[in-house]
Amino acid sequence: MSHQTDVFIIGSGVSGLYAAILLSKIGLSIQIIDNKTQSPSGLLVFSPRSLQLLKQMNLLDTITAKGMKHWRLDIYEHNALADSIQLWDNDVTGYNYCLSCEQSVVCDILRQHVSLDVMKERITKIEDQDDFKRIELSHGQCWKSQFVLVENDDTNLVRQTLGIGYKYHNNKRYFYTLQIAILQSNFPSIRQISVIKKNQENVLIVGHQDTLYITFEHKPSWSKVSIDDEIPVALALGHIKYMMDPFQVEFGRVKSYTKWKGDQRSSELFEHEGYFFIGSSSQTTSPLLDINAYFEGVQNLCWKLGLVFRQCASTTLLDTVNQETQLKSAEYIQTSIVWMERMLSTSPLREIRYQLDRLKRCFVGDTPYASNLINCHHQEISSTFEFTIGAGCLAPNGNLKPYSLVQLLLLTNTKPAKPATTQLKPSNSTSIEHSRGRSSSMNNSNLSNLFNIFQKGHKKQNSTSSNKMTVVTERRSSERWKSIRPNYLQLLDCIQSTTQFTLLVFCGSLSTFESSPLSKVTQQISSPISFLYHYTPDMMHSSSSPTTRWSASSIHSFYQRRSTDTTRSSFEDSLRFSYKPQPPSEPDLFSIMFISNSTKQEANQYLTQTPPSVVHSTWPFGLDKVYLDHDQQCYKAYEIKQPEIIVIRPDGYIGTRVDNYDQLCLYFDSFLTSPNEHSAAAVVAASYYG
């Protein structure tokens with residue numbers, strides 16, 4: 001019997017399960033097989049970049065609850081702490097620590113998020129048949145799939161069929177990893193990651209809850225055991241206690257004891273005509289680095305597969321998988337080699353510090369990609385300004401004010417029902433429920449005041465009572481601002497998406513944006529014949545989420561409806577009519593976000609002095625898409641010197657930096673295709689002659 005699926009995954013380890021979650025979220029059907037019966041063992045150490053990816057998939061909190069955070073790498077020499085290195089500290093990812101968690105625990109958590117059972121099967125044959133991959137299983141089942149992801153191929157059947165081998169980097173060194181319970185100890189770094197150096201010997205210790213993971217190299221000089229023979233556990237424990245002396249440690253039971261070879265290997269190809277090697281099938285390096293290389297490779301692959309499968313991108317996009325994965329793989333392998341040669345050897349401390357500083361980006365996980373089809377440097381901008389954060393770099397994090405421009409408008413001019421509910425929680429958009437809740441707490445005078453404020457040249461109220469009311473309102477508003485001043489939004493939390501390109505429009509000052517060249521670019525992007533329509537039809541007429549877009553025109557229309565109907569029931573009907581959310585459609589390919597460097601006071605002045613029609617025309621995507629930078633952090637992080645647009649790829653890397661519409665179109669035209677096969681010229685011609 002023949003079955004069919006979009007993507008067939010061989011292997012249910014961490015990489016295979018993570019790929020299944022990603023692809024399912026994109027909308028592809030998945031089938032996983034694995035003939036392994038034993039649960040995976042060992043400890044995974046997630047880099048700050050991997051933590052960022054887990055956060056996007058709503059997995060970080062669950063794994064953190066089962067894991068252990070590590071803030072530093074401690075180095076001991078001559079029986080004392082010689083250095084404490086903040087190896088994972090960075091300004092890009094939003095996380096300045098790494099996280100350790102047992103591999104079996106991580107797999108169990110990922111399985112809970114995969115909405116299908118893993119088939120316990122073995123592949124007997126795999127071949128290309130027409131436009132599909134035909135996979136025959138040991139129990140007689142047959143599957144057809146457009147793409148095959150190989151994480152664990154013990155029989156090497158896929159590699160033999162394709163003729164793709166491994167590249168090895170041999171160092172002829174053997175290591176042991178001992179997992180052992182700890183009862184008590186006075187070792188200061190018992191919950192950190194540490195290296196102990198003593199008399200030409202080294203041990204690496206990772207403290208995870210009540211367990212130590214201890215790695216040491218097999219040297220006949222101290223073990224008196226041949227390199228081909230295994231070191232007994234008792235001898236290994238004696239060596240470890242000697243290395244940790246003068247610190248005392250009382251060990252419990254041994255949980256595992258593994259010998260492994262310190263070779264690095266990588267696949268000759270990571271992609272070949274619809275077959276992709278991920279996880280341990282793509283490369284093996286150091287236990288501290290492997291999982292992070294696997295996550296990055298899967299993330300890089302899945303968003304490209306999603307675009308090609310939905311016919312939103314040409315197959316040339318998949319050509320970048322090999323290029324970018326090979327680059328990352330080479331960096332991880334080089335870092336692993338240096339780690340083993342320097343950290344687990346007799347190198348002096350000064351040399352270790354230098355190497356760790358040089359390779360820190362690999363431990364953080366933010367090493368950049370090289371320039372290619374989707375990492376495009378435009379000469380017009382790069383020749384004018386020198387960037388360290390350019391195309392191919394991981395998009396840095398930054399803080400924003402905890403409100404969008406529409407929330408600022410409502411919060412500043414709305415009287416709350418109770419003081420306890422006045423604090424505005426940071427959110428990416430204003431939902432219909434939230435808006436309606438606030439509307440119910442507004443009395444008629446507040447609604448009229450807000451409408452009046454949104455009119456140019458509104459009349460001042462002359463009565464003494466009105467002045468007193470204004471003073472009271474301003475005072476209460478000031479108190480609310482004091483309560484939320486320490487809060488902020490993180491930029492990367494606002495643009496989390498595994499399926500969308502995010503256009504970050506750094507628009508400068510609100511008051512001058514209307515007259516800037518970038519304002520014209522915004523109008524072109526919002527035009528019905530822009531690339532938004534070309535690549536994702538009807539994007540502007542549907543919502544990618546069940547939330548409602550608040551625009552200047554919708555607010556203006558809302559209060560026009562309110563002024564013609566004074567009864568409360570009709571007012572609420574008008575509210576529902578004005579803000580009835582559209583049903584979710586297929587994921588949009590683009591999201592847009594404006595970041596202004598105006599202060600809150602300047603934003604308030606802009607909202608009160610600018611006519612609604614001007615506001616609406618200036619911000620056609622809605623005021624809920626406009627945010628204020630928090631102390632210029634985002635502008636500094638992205639090195640913004642003039643208004644420009646930064647394109648963030650779905651995997652979180654910068655695709656390009658542009659300042660005009662033509663550059664933006666050229667960038668997307670180079671690898672995206674229209675799902676309905678209409679060219680941009682045809683769209684323009686149809687609109688002109690139709």
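In the predicted model, strands β13 (residues 193-198) and β14 (residues 201-208) run antiparallel and are joined by six bridges. Within this pair, S194 stands opposite I205 of β14. Strand β13 also pairs with β5, here in the parallel sense and over five bridges, and S194 is the bridge partner in β13 of D74. S194 is thus named in two pairings, facing I205 in β14 and serving as the partner of D74.

Strand β5, which spans residues 73-77, is mostly covered, since four of its five residues are buried. Besides its pairing with β13, strand β5 is linked to β6 by five bridges, and these two strands run antiparallel. In this pairing E77 stands opposite A80 of β6. The two strands form a hairpin with two residues between them, and H78, which lies in the turn, has a positive phi of about 55°.

These pairings belong to an open sheet of seven strands, arranged in the order β6-β5-β13-β14-β15-β12-β16, in which the pairing is mixed. The edges are occupied by β6 (80-85) and β16 (249-261); each of them has a single partner strand, so one side of each is left without a neighbour in the sheet. From one strand to the next, the twist averages 20°. Helix α7 (residues 233-244) packs on this sheet, where it touches β12 (174-185), β13, β14, β15 (211-217) and β16, and the direction of the helix makes about 115° with that of β16.

For the protein chain taken as a whole, the secondary structure comes to 27 helices and 27 strands. The chain has 690 residues, of which buried residues make up 54%. Among the contacts in the chain with a separation of 6 or more, 77% are accounted for by residues 24 or more positions apart. The accessible surface of the chain comes to about 30200 Å², and 49% of this surface belongs to carbon and sulfur atoms.

One contact between separate parts of the sequence involves T64, a residue of helix α3 (residues 60-66). Not counting residues up to four places away in sequence, T64 touches K69 and L99. T64 and L99 are 35 residues apart along the chain, and their C-alpha atoms are separated by 7.3 Å. T64 is classed as partly exposed because its relative accessible area of 23% falls between the 20% limit for buried residues and the 50% limit for exposed ones.

Cysteines were also examined. A disulfide is a covalent bond between the sulfur atoms of two cysteines. A search of the whole structure finds zero disulfides. C142 has a relative accessibility of 8% and therefore counts as buried, and C393, at 8% relative accessibility, likewise counts as buried.

A further segment is taken from a database record. In an unreviewed entry, UniProt lists residues 7-28 under "transmembrane region". In the model, the chain over residues 7-28 is 59% helix and 18% strand, and the C-alpha atoms at the ends of this stretch are 7 Å apart.

Terms used:
Residues numbered from 1 in each chain as written. Predicted model: local features only at pLDDT ≥ 70, side-chain atom pairs only at ≥ 80, totals over all residues. Heavy atoms only, no water. Buried < 20%, exposed > 50% of the residue type's maximum accessible area, 1.4 Å probe, protein only. Contact = heavy atoms within 4.5 Å. Areas by Shrake-Rupley, 256 points an atom, 1.4 Å probe, with all protein chains shown as cover. Pairing = 2+ DSSP bridges. Axes fitted to C-alpha atoms, helices over the stretch in contact; angles between N-to-C directions. Disulfide = S-S within 2.5 Å. UniProt positions renumbered as here; feature names shortened; annotations may be inferred.
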